[in-house]
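Dear colleague,

Please find below the structure that I am handing over to you. My findings follow directly after it.

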Amino acid sequence: MTRNTRFPLALALVLAAAMFVTLTTGFALAKTSDPAANAGAAAAAATLEYTLLTGGDTGQLVFVGVGGDIDGVINPTLTANPGDVVKITMINGDGMLHDVVIDEFDVRTEQIADVDAQDSITFTVDEVGEYVYYCSVPGHRQAGMWGKLIVGTPTGDSATGADIVRNPADVPAPVGDREPQTVRVDLVAEEVIGQLADGTTMTYFTFNGQVPGPMLRVRVGDTVEVHLSNETSSQFPHSIDFHAATGPGGGAVYSNINPGETAVFSFKTLAPGLFVYHCATPSVAHHIASGMYGMILVEPEGGLDPVDREFYVMQGEIYTEEPYGTQGFVHFDHDKMLAEAPEYFVFNGAAAGLTADDTALHAAVGETVRIFFGVGGPNFTSSFHVIGEIMDRVYDQASLTSAPLTDVQTTLVPPGGATMVEFSLDVPGRFILVDHALSRLERGLVGYLMVDGDPDPAIFDGELTEGSGH
Ligand code: CU
Ligand code: CU
């Protein structure tokens with residue numbers, strides 16, 4: 001284990017307080033959880049500089065943040081306040097043709113294909129809102145090359161909160177057939193005020209700003225070199241326990257770090273499977289309930305059979321003092337957690353988080369989908385079910401070395417456990433992901449799989465009726 005003290009954010013705040021300072025990339029993200037930082041940013045229109053590297057060492061069509069709070073973050077959410085000047089520099093990191101475009105501001109970089117070549121866009125943001133930056137090379141945005149620019153950051157209890165829902169399509173490319181190697185993984189413990197539901201915010205603990213943390217993908221025999229950093233602005237220590245690791249605490253006892261520190265450890269993946277990782281700092285259940293979980297897929301030798309779509313979904317519960325549906329900022333409730341009486345159940349971190357058009361699962365008739373489904377919990381077992389579908393194959397308990405179950409309606413997934421399910425799509429429509437303990441649907445636990453394509457009356461025929469719960 002190594003520990004490094006990172007550059008203190010306090011100094012950045014001092015700099016921000018000086019009027020008309022140009023914030024460098026390293027200090028560009030005034031933490032949404034730190035009102036002082038926002039006050040500083042609002043007091044003086046600043047030039048915010050962000051740097052995005054295409055691909056990096058991810059092997060994916062993504063932007064990777066460089067420097068500051070976005071360092072190493074895939075498709076980082078960029079933030080600014082109205083009146084700020086934003087400068088985004090794109091550096092080509094993969095030798096493929098890319099650009100960065102934001103339609104609303106009518107800005108675009110040059111299209112660049114040379115490694116290490118760069119171009120910038122600079123523009124003033126006036127309107128509060130959420131915008132999308134993306135690569136306009138055909139197919140790249142669809143493959144995942146986009147992120148958000150949020151203008152206007154929350155400064156108090158009535159604020160909107162950051163969008164912490166991880167897009168279920170945010171799945172790394174298959175590893176496939178290659179020799180074992182060492183894979184470096186960078187994770188950052190970030191405490192953010194995020195949006196729990198429409199008009200409701202809370203403090204989340206996250207890996208890399210979203211829930212669940214990034215899906216990681218390696219093959220059996222790989223050595224995973226974990227670099228965990230805890231943000232300087234954090235209030236709590238954090239750590240990480242990989243269920244894929246064989247070793248004390250799954251690494252947690254080698255990675256419990258205070259704000260501003262970094263820990264490094266490595267483990268060899270001895271068995272294939274889909275494994276949960278989570279923070280294991282006491283109160284562990286508090287950290288997990290606040291969003292600190294994710295999954296790592298350890299592919300068997302030769303990889304998984306190809307499918308058309310892969311999705312990443314995790315279930316958890318949230319314990320708040322205020323009743324379900326309360327507007328404004330809501331507070332964590334330790335007693336309700338010990339009583340296992342959550343107010344919210346969530347897929348990917350937020351109530352109805354996977355029902356918006358841009359966060360639902362999307363596929364088409366004739367395609368085969370694979371869902372990597374896990375339960376962060378901390379406490380509730382899921383009776384995972386897709387309304388209107390039969391799961392052709394269920395890799396029960398996420399065991400990839402056992403034969404799958406076939407033709408399954410509902411499958412059990414315990415806290416700290418996972419499953420891998422596959423099915424083909426025969427007819428179009430809206431298919432609903434639920435935990436079939438359906439009271440939880442009324443506490444936010446619902447996601448949509450939207451399937452495009454032509455109807456097949458031989459398989460399903462009828463007239464839509466109003467008012468169904470489905
Ligand atoms: Cu933690
Ligand atoms: Cu665990």
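Along the chain, the donors of the copper ion (ligand 1) follow the spacing H-x40-C-x7-H-x4-M. In this predicted model, the protein donors are H238 through ND1, C279 through SG, H287 through ND1 and M292 through SD, and they lie 2.0 to 2.5 Å from the copper ion. The two histidines link distant parts of the chain, being 49 residues apart. H238 belongs to the loop between β14 (223-230) and β15 (241-242), whereas H287 is in helix α4 (residues 284-289).

The arrangement of the four donor atoms around the copper ion (ligand 1) is irregular, because they subtend angles of 86 to 138°. A tetrahedral arrangement would require all angles to lie between 85 and 135 degrees.

Are the two histidines buried or exposed? H238 has a relative accessible area of 1% and is therefore buried. H287 is also buried, with a relative accessibility of 1%. The cut-off for this term is a relative accessible area under 20%.

I also examined a pocket. The second largest pocket has a volume of about 880 Å³. It is lined by 24 residues, of which P428, G429, R430, F460 and L464 are the closest to its centre. Strand β29 (residues 429-435) supplies the largest share of this lining, namely three residues. By type, the lining of the second largest pocket consists of 10 nonpolar, seven polar and seven charged residues.

Yours sincerely,
A colleague

Conventions:
Residues are numbered from 1 along each chain as its sequence is written. Chains are lettered from A and ligands numbered from 1 in the order in which they are written. This is a predicted model: local features need pLDDT of at least 70, side-chain atom pairs count only at pLDDT 80 or more; totals for chains, interfaces and linings use all residues. Side-chain values use heavy atoms; hydrogens and water are left out. Donors are N, O and S atoms within 2.8 Å of the metal (3.2 Å for Na, K and Ca); water is not among the atoms, so sites may look incomplete. Four donors count as tetrahedral if all angles lie between 85 and 135 degrees; four count as square planar and six as octahedral if opposite donors are over 155 degrees apart and all others between 65 and 115; anything else is irregular. Helices (H or I, at least four residues) and strands (E, at least two) are DSSP runs, numbered from the N terminus. Buried means under 20% relative accessible area, exposed over 50%, partly exposed in between (1.4 Å probe, protein chains only). On a 1 Å grid over the protein atoms alone, a cavity is a set of points where a 1.4 Å probe fits but cannot get out, and a pocket is an open set with protein on both sides within 12 Å along at least five of seven lines; lining residues have an atom within 4 Å of a point. Grid points are joined across faces, edges and corners, and a volume is the space filled by probe spheres set on the points. Ala, Val, Leu, Ile, Met, Phe, Trp, Tyr, Cys and Pro count as nonpolar, Asp, Glu, Lys and Arg as charged, and the others, Gly among them, as polar.
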